[in-house]
Amino acid sequence: MKNATMHILHRLNTNRYGWPLVLFLAWLGLYITNVVLFPIGLGWDEIVNIATAHGIARDGDFSAREYTVMGIIQDGYPNHLGYYPLFATYLALFLKVIGTSLGTVHFANWIAFLITTLLVYVTMYTCTKRRMLSGATALAYLIFPGIWRDTISGLMEPVGALLTILTAYIVVRMFRRGAITGRSAVLLGTLLAILWLYKMILIGTILGVVIFIVALYRIIPGAHSGGKWVSLKRFLPTTIGVCVALIFIATTYVFYPLSTAYTSNPAQQANQSYAKFLGGALEKPLKMLTERSSYLLWKVALPQVIYPGLQTPYQISFSVFARYFIFLFTLGVLILPLLWKKLSAEGRGLSLMAVSAILSFNIIAHLALEIGPDLFFRYNLYYVPLYVCLMGILAGTVAETIRNQPEMRRILLMGGLTAVAVFYIPLTITMFAHQVALERRYNELGERNAMIVRAFTHKTRPAFVYFNKGSHTPITQYPMRQISQDATGAQIERINQVLPEPIAFLFLRERDWLFEEYKTDIAKRRPIIGGSYRFVGNANVPNDDEWRMVVYRYDPTEGVTR
């Protein structure tokens, strides 16, 4: 048995296609298991991306399917709110070729997952030239707790992780070839622009790339002694200049204007102070620092210590993920200086990129936004490829160091197996169970919303509806657009003057501002908002007070006559 295992490992380590084939088969097994055992359903806020992708594939329509109240008031119409054009374009390619269905969107994200796994392998091999280590690191990504359930529906994390590791690979490859030239600066600037346009959450990757380049010039001795290298004073300005220019061109001439007016936290929604950048973090920095630090301490940090605390069941598994993610990352940061001299130049650069990208993103994100354990999990999935590469480089270096110390190797092996049995397996199972439960909950909410909207709009196919509860326009109701977030009657009137045609239907729940403003008229089923909207019915889900709502339809003539 031992000889057979060693023979298989030898074949994998000598055949350039061995590990990629193993990774593909493992991915295929996971994909088939998910498709067969778990139904594909509607998601949550990602529905707006699917609906937009449907528009791109069907009519070449790049406009968004969802808009916020203050976004329209501040930035006009059309613009992109709650919508990321590059991701929707990626999904649209699959919808165009395969067909419009949730299964197609699901498959598109699984393809991104596969490519990311292979790129982790290729990047590690470029840095270490060790197939076994590279394959093990890629497998670690493939079975990372919770990651392959995050490929459901239209979530953005799989493609974001792909862009992260693709950028890392290209930078490592450029260095490996000794070709840090003006052409390289243009290529890198283009990549950074794509990262920014994809989603601002990738700001950590952008900063990590800059630190990687500076490290190659300033920190790693002799890293640029060979090949063609332009000076750092020329390379960085060229890279940043190309990045800024492409972002300007894309947001001005290629897509509709990319609006940055959105609600990033409940406090902004309460007073309708919509920020233009980083959730308003830079507008009142001292107040922001105090509020975010308090939130980080009481809502994020302490729940990791007081387990399970007062969290809902699905948050518990995300908290455990956060704890071990932080623990291993901190351990890696502490070990990195001790192993620094034993790393290759590429390994040093990639390790610095991983550490700086993950640290900078989490610092910026926690200061700019209110991120709980569930969002900590989701947003850090963009950086898991760099995370596993860092761990792989450090683990490989430790293994080389103790190669001739069998007792130490035995201790570390037993420790690793114990950690897998005690921590990894229970964490993976609980996260999987909670993710599936959460998906079902979101699917139920999405189906209910779709059912309610469809019941009142299927005959008229309106262009705009008001529905203040997340993004609930499924692909079957294209080309309808949703207006969301709280609004007053005066704001609805103002929005109707901006839109090409008025909002056709208002779906109001008791806690909405509009319901509170006109509750007396609503109780008597009288027209509201200057008589321009009349009552058309109730949309209630049996035995669920959360889904009690009234529906009004735009009909100014009817309102005036009454």
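**Exercise 1. Which residues make the nonpolar surface patch of about 520 Å²?**

Solution. The structure is a predicted model, and the values below are computed from it. The patch is made by Leu-246, Phe-248, Ile-249, Tyr-253 and Val-254. To place one of these residues, take Ile-249, which is found in helix α11, spanning residues 232-254. The next step is to class its accessibility: with a relative accessible area of 40%, Ile-249 is partly exposed, because that class lies between the cut-offs of 20% and 50%.

**Exercise 2. Describe the overall make-up of the protein chain, beginning with its helices and strands.**

Solution. Begin with secondary structure, where the protein chain has 22 helices and eight strands. Turn then to burial, for which the count runs over 562 residues, and buried residues make up 53% of them. The surface comes after that: the protein chain exposes about 25,700 Å², with carbon and sulfur atoms supplying 64% of this area. Finally, consider contacts between residues at least 6 apart in sequence, among which 72% join residues at least 24 apart.

**Exercise 3. Compare the span of helix α9 with the expected value, and list its buried residues.**

Solution. Helix α9 covers residues 182-198 and has 17 residues. From its first C-alpha to its last it reaches 24 Å, which is close to the 24 Å expected at 1.5 Å a residue. For burial, the cut-off is a relative accessible area under 20%, and the buried residues of α9 are Ser-184, Ala-185, Leu-188, Gly-189, Leu-191, Leu-192, Ala-193, Leu-195, Leu-197 and Tyr-198. When reading this list, recall that an α-helix has 3.6 residues a turn, so residues three or four places apart point the same way.

**Exercise 4. Locate the cis peptide bond from Tyr-77 to Pro-78, and the residues Arg-461 and Gln-485, which have a positive phi without being glycine.**

Solution. As a reference, most residues other than glycine have a negative phi, and most peptide bonds are trans. The bond from Tyr-77 to Pro-78 is cis, its omega being near 0°, and Pro-78 sits in the loop between α4 (69-75) and α5 (85-98). Next, Arg-461 has a positive phi of about 50°, and its place is the loop between α18 (406-457) and β4 (464-467). Arg-461 counts as partly exposed because its relative accessibility is 48%. Last, Gln-485 has a positive phi of about 80°, and Gln-485 belongs to the loop that runs between β5 (481-484) and α19 (489-498).

Definitions and conventions
Residues are numbered from 1 along each chain as its sequence is written. This is a predicted model: local features need pLDDT of at least 70, side-chain atom pairs count only at pLDDT 80 or more; totals for chains, interfaces and linings use all residues. Side-chain values use heavy atoms; hydrogens and water are left out. Helices (H or I, at least four residues) and strands (E, at least two) are DSSP runs, numbered from the N terminus. Buried means under 20% relative accessible area, exposed over 50%, partly exposed in between (1.4 Å probe, protein chains only). Patches are made of residues with over 30% relative accessible area and no salt bridge: like charges are joined within 9 Å, nonpolar side chains (Val, Leu, Ile, Met, Phe, Trp, Tyr) within 5 Å. Accessible areas come from the Shrake-Rupley method with a 1.4 Å probe; for residues, only the protein chains shown count as cover. A salt bridge is a side-chain nitrogen of Lys or Arg within 4 Å of a carboxyl oxygen of Asp or Glu. Contact means heavy atoms within 4.5 Å. The expected span of a helix is 1.5 Å times one less than its number of residues.
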